[in-house]
Amino acid sequence: MKTEKQIEKDVFNVVKATVSDFISGKVYRKGMRPDDARGEDIVVSFLTGYNLQVQSGIVNVNAYVPDKAVSGYQTKVQDIKRLDALEAKIISVFENIENDEYDFAIEDTPVTDSVEGIEEHYINFRVKFRRITIND
């Protein structure tokens, strides 16, 4: 059996290895993204898990994209083009990954929302994992 932190670290490593070159910022684990971060960042956090013969659960992957200035608007707006690109990249990661220990699937439709008080938006992915534990 793996713990919450071990599973979070495993998913963090998968995401970091596959998207670090695609984003302008960094990949973080839960609680590690600096308060003043304003780049394209991704935060991985464990939500819930079940310990049976097959260990399963949900991990959150939030992808942050700074808003951009657009002519004709007084406030910055979401960078739809970049949000779309990042959304497609992360979906591709979890749909195409070959992993000997985990099976991954995006649970729900990814949802984009604004970050209150900060000029950025984020996409939330709820990623289901299944981990075979027979050999543990």
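Mentor: Let's start with one rule: two strands count as paired if DSSP finds at least two bridges between them. Keep in mind that this is a predicted model. Now take strand β2, residues 41-50: this strand pairs with β3 over nine bridges, in the antiparallel sense.

Trainee: Okay, and how many residues sit between β2 and β3?

Mentor: Three residues, and the two strands form a hairpin. For a landmark on the ladder, find D41, which stands opposite Y64 in β3.

Trainee: What else does β3 pair with?

Mentor: With β6, again in the antiparallel sense, over 13 bridges. You can follow that ladder through its facing residues: V65 stands opposite H121 in β6, and N60 stands opposite R126 in β6.

Trainee: Which other strands are joined to β6?

Mentor: β4 is joined to β6 by five bridges, and the two run antiparallel. Here F104 stands opposite F129 in β6. Strand β5, residues 111-114, also runs antiparallel to β6, with four bridges joining them. V111 stands opposite N124 in β6 there. β5 and β6 make a hairpin with five residues between them, and G117 in the turn has a positive phi of about 80°.

Trainee: How should I think about side chains along a strand? Is β3 mostly covered or mostly exposed?

Mentor: As a general idea, side chains in a regular strand alternate between the two faces of the sheet. In this model β3 is mostly covered, with 11 of its 13 residues buried. P66 is found in β3 too, but it counts as partly exposed because its relative accessibility is 24% and buried means under 20%.

Trainee: What does P66 touch?

Mentor: Leaving out residues up to four places away in sequence, P66 touches R38, G39, E40, D79, E119 and E120. Compare P66 with D41: they are 25 residues apart in sequence, and their C-alpha atoms are 9.3 Å apart in space.

Trainee: Could we look at a residue in β2 as well? Is S45 buried or exposed?

Mentor: S45, which is found in strand β2, counts as buried, at 11% relative accessibility. Beyond its neighbours within four places in sequence, S45 is in contact with E8, K30, V59 and N60.

Trainee: Next, the aromatic rings. How do I read a ring pair?

Mentor: A pair of aromatic rings is described by two things, the distance of the centres and the angle of the planes. There are five aromatic pairs here. Take Y64 and Y122: their ring centres are 5.6 Å apart and their planes are at 35°, so this pair is tilted. The pair links distant parts of the chain, since Y64 is in β3 (residues 54-66) and Y122 in β6 (residues 120-132), 58 residues apart.

Trainee: And are those two tyrosines buried or exposed?

Mentor: Y64 counts as buried, at 14% relative accessibility, while Y122 is partly exposed, at 22%. Now look at another pair, Y102 and F104, which is stacked: 5.4 Å centre to centre, with 15° between the planes. Y102 is buried at 4% relative accessibility, and F104 is buried at 12%.

Trainee: Which rings are linked into a cluster?

Mentor: Ring pairs link F46, F94, Y102, F104 and F129.

Trainee: A ring can have a charge over its face, I gather. Which residues lie over the face of F22?

Mentor: Two to look for. R82 lies over the face of F22, at 4.6 Å from the ring centre. K89 also lies over the face of F22, at 5.5 Å from the ring centre.

Trainee: Last topic: the nonpolar core. How many residues does the largest one have?

Mentor: The largest nonpolar core has 26 residues, and V15, I42 and F94 have the most contacts inside it. At least two residues each come from α1 (4-19), β2, β3, α2 (80-96), β4 (102-106) and β6. Helix α1 gives the most, with six residues.

Trainee: What does F94 contact?

Mentor: Setting aside its neighbours within four places in sequence, F94 is in contact with V11, V15, V61, F104, I106 and V127. You've met two of those already: V15 is among the core residues with the most contacts, and F104 belongs to the ring cluster along with F94.

How values were computed
Residues are numbered from 1 along each chain as its sequence is written. This is a predicted model: local features need pLDDT of at least 70, side-chain atom pairs count only at pLDDT 80 or more; totals for chains, interfaces and linings use all residues. Side-chain values use heavy atoms; hydrogens and water are left out. Rings of Phe, Tyr and Trp (its six-membered ring) pair if their centres lie within 6.5 Å; planes under 30 degrees apart count as stacked, over 60 as edge-to-face and the rest as tilted. Buried means under 20% relative accessible area, exposed over 50%, partly exposed in between (1.4 Å probe, protein chains only). A charge sits over a ring if NZ of Lys or CZ of Arg is within 6 Å of the ring centre and within 35 degrees of the ring normal. Contact means heavy atoms within 4.5 Å. A nonpolar core is a set of buried Ala, Val, Leu, Ile, Met, Phe, Trp, Tyr and Cys residues joined through side-chain atoms within 4.5 Å.
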